[in-house]
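Visitor: I've got the viewer open and I'd like a quick tour, cut-offs included. Let's load the thing first.

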Amino acid sequence: MADRTASQSVPTWDPRSAEVQADQIKAYDALRRRCPVAHSDFLHSSLLCHADVVCVLRDPATFSSQASSHLNVPNGMDPPQHTAWRRLIEPYFDAQALATFEPGCRTIVRELVDSLPDSAELEWMDFARDCTMRMLCAFMGWPDTLHEPLRDWVRKNHAATLAQDRAAMADIAFEFDAHIRTQLALRRADGLAGTDVTTRLARERIDCRPLSDAEIVSIVRNWTVGELSTMAACVGILARYLASHPELLASLRADPAGLPAAIDEILRMDAPLIANRRVVREPVEIGGARFEPGDRLSLLWASANRDEAVFGDPDEFRPERDPSLNLLYGAGIHVCPGAPLARLQLRIVMEALLAQVRSLEIVPGKAPVRALYPTGGYSSLPLRIERE
Ligand code: HEM
C-alpha cells in the first residue's frame, strides 16, 4: 500500500545509493536534517526522529510488529500472543542465567585476546566475528565442532549481505536452521537430559503444550543468526572508536568501571542495528505524514539515536546522559530481551582487551570500510595492536 502524506510530502531516498553505502550514519544524519520521514522501496517510510520512533514504540496497537507472514517468535508478534512468548523467553537472560554463563564466557574471550598478535596488523572484523560466534555457541550450549561450519556460514552470510543477494541470503538462513534442527535432534536422542539453553528450550511448554520445532527454530534463529552480525558490529564499532580516541582508551584502562556507560554511549552514536519494521493498523499521523492501515514503516535507530533535538551534538561523547533516552536496545514491549546478555558479553570483551592492549591504531593507508545496510558498523577494520 502506498504511503500518503498530510502536512508535508515525504521525500524518497535510496538505501543502495553511493552516498548511503559510503557512510550510512552520515547519510541518515543528512536525511533527518531535511525531513522527519523519508520513503524508500526497501525500508518503506522510515521514521528518522527520536520523538516519532518513541511514539511508535509506546503504541503497539496502532503500530504492529507483524510485518511478515513468516513465524517470528517473538519479534513479529503483537499482544496478547507476544506477551506469553516474552514470559517464556525472559528467564533465559535473567541475573542467574548470566551468572552461570559469565565464567565460561570470560575464558573464551581471554583465550582469543591472548592469541591476538603484538605490534602487528590484523583484520579486526575477523576477530569480532569469531569472538561473537564462540560466545554465542557457548551460550546456546553448542559444541566446538560447530565453530568451523558456523565460521564458514558467517563468511557466506557476510558475502551475500555485501552483495545484497536476497536469494542467497534466504538459502543461507535456511542452512543455519539445519544446524539448529541437528542440535535439537541430538538432544532429543539423549532424552533431553542436559541443562544447556538449547535443551531447556526443547523442554519448554506454552499454553500447556510443547513448542513445535518451527517455534523453537524461530526463537533460536532470533538469538543467533539475528544477533551474530549485530554483536560483531558492536565489537568493531567499539574498537574503531577507541582507536580514534586514545585518551578514552587510556582512561578506561585506568578505570574500567566506566565501561558499561561508555559502551552504550559509543553504540548510541554509531548504531550496530540499523532499523526494525512495523505495520500501521489504524489511520494515524506521525512525523507530519498521514498513514493508513497496511502502510509499512521502519524505525531507523541509526538516525533516532543521533537526533539533535534530544542529544544536541550527536557526536559528543557523554556517557552520563539519561540512559532512558538511548534507543540502542529499543523500548516498550519489544525492548531487547537479550540486552543484559549483550551488555555482559561486550563488557567482557572490552575488559579483556583493555587489560592486554596498550594501543589500537588505524593502519595508515587502510581506511576502515563501512558495512552496508542492513548491517551496522564496519565490513573491514584493519587495526594495529600494541600489547602491554
Ligand atoms: C548489542 C546487541 C543488540 C542490540 C543493539 C539489539 C537491539 C535490539 C532492538 C533495538 C530490539 C527492538 C526491536 C523492535 O522494537 O522491533 C531488539 C529486540 C530483540 N532482541 Fe536484541 N539486540 C542485541 C542483542 C541481542 C541478543 C544477544 C539477543 C538474544 C540472544 C537479542 C534478542 C532479541 C529479541 C528476541 C528481540 C525481539 C523482542 C520482542 O519482539 O519482544 N538481542 N534488539
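Rings, ligand, sheet

Visitor: Is W223 buried or exposed?
Guide: Go by relative accessible area: under 20% is buried, over 50% is exposed, and in between is partly exposed (1.4 Å probe, protein chains only). W223 comes out at 10%, so it counts as buried.

Visitor: What pLDDT do local features need here?
Guide: Residues are numbered from 1 along each chain as its sequence is written, and side-chain values use heavy atoms, leaving out hydrogens and water. This is a predicted model, where side-chain atom pairs count only at pLDDT 80 or more, totals for chains, interfaces and linings use all residues, and local features need pLDDT of at least 70.

Visitor: How many aromatic pairs are there, and what is the geometry of W13 and Y28?
Guide: Rings of Phe, Tyr and Trp (its six-membered ring) pair if their centres lie within 6.5 Å; planes under 30 degrees apart are stacked, over 60 edge-to-face, and the rest tilted. The structure has eleven such pairs. For W13 and Y28, the centres are 5.7 Å apart and the planes meet at 90°, which makes this pair edge-to-face.

Visitor: How many residues apart in sequence are the parts that this pair ties together?
Guide: Helices (H or I, at least four residues) and strands (E, at least two) are DSSP runs, numbered from the N terminus. W13 is in the segment before α1 (18–22), while Y28 belongs to helix α2 (residues 24–34), so the parts tied together are 15 residues apart.

Visitor: What relative accessibility does Y28 have?
Guide: Its partner W13 is buried at 11% relative accessibility. Y28 is buried too, and its value is 1%.

Visitor: What class of pair do F139 and W223 form?
Guide: Look at the distance and the angle. The ring centres are 6.4 Å apart and the planes stand at 55°, so the pair is tilted.

Visitor: Which helices does that pair tie together?
Guide: The two parts are 84 residues apart in sequence. F139 lies in α6 (residues 124–140) and W223 in α10 (residues 213–223), so the pair ties together α6 and α10.

Visitor: Which residue has its charged end over the ring of Y92?
Guide: A charge sits over a ring if NZ of Lys or CZ of Arg is within 6 Å of the ring centre and within 35 degrees of the ring normal. Y92 is part of a cluster linked by ring pairs, with F93, F101, F139 and W223. The charged end found 4.1 Å from the centre of the Y92 ring is that of R200.

Visitor: Which residues are closest to the ligand?
Guide: A residue is near a molecule if one of its heavy atoms lies within 4 Å of it. There are 25 residues around the ligand, and the closest are H82, R86, R278, H334 and C336.

Visitor: How far is the side chain of R278 from an oxygen atom of the ligand?
Guide: Start with H82, which has a polar side-chain atom 2.6 Å from a ligand oxygen. H334 also places a polar side-chain atom 2.6 Å from a ligand oxygen. For R278, the distance from a side-chain N or O atom to a ligand oxygen is 2.7 Å.

Visitor: Which element gives the largest share of the shell around the ligand?
Guide: At least two shell residues come from each of α4 (81–89), α11 (225–244), β7 (275–280) and α16 (339–356). The largest share is four residues, and it comes from α11.

Visitor: Which are the edge strands of the five-stranded sheet?
Guide: Strands pair if DSSP finds at least two bridges between them. This open sheet runs β1-β2-β10-β7-β3 with mixed pairing. The strands that pair on one side only are β1 (37–40) and β3 (63–64).

Visitor: Which residue of β10 stands opposite S46?
Guide: On the β1 side, four bridges join β1 to β2 in the antiparallel sense, and A38 stands opposite S46. β2 (residues 44–47) also pairs with β10 (residues 296–300), parallel, over three bridges. There, L47 stands opposite L299, and S46 stands opposite S298.

Visitor: How many residues of helix α3 are buried?
Guide: This helix covers residues 50–57 and is largely enclosed by the rest of the structure. The buried ones are H50, D52, V53, V54, V56 and L57. Out of eight residues, the buried count is six.

Methods. A polar contact is a pair of N or O atoms within 3.5 Å; within protein, one must be able to donate a hydrogen and the other to accept it, and residues adjacent in sequence count only if both atoms are side-chain atoms.
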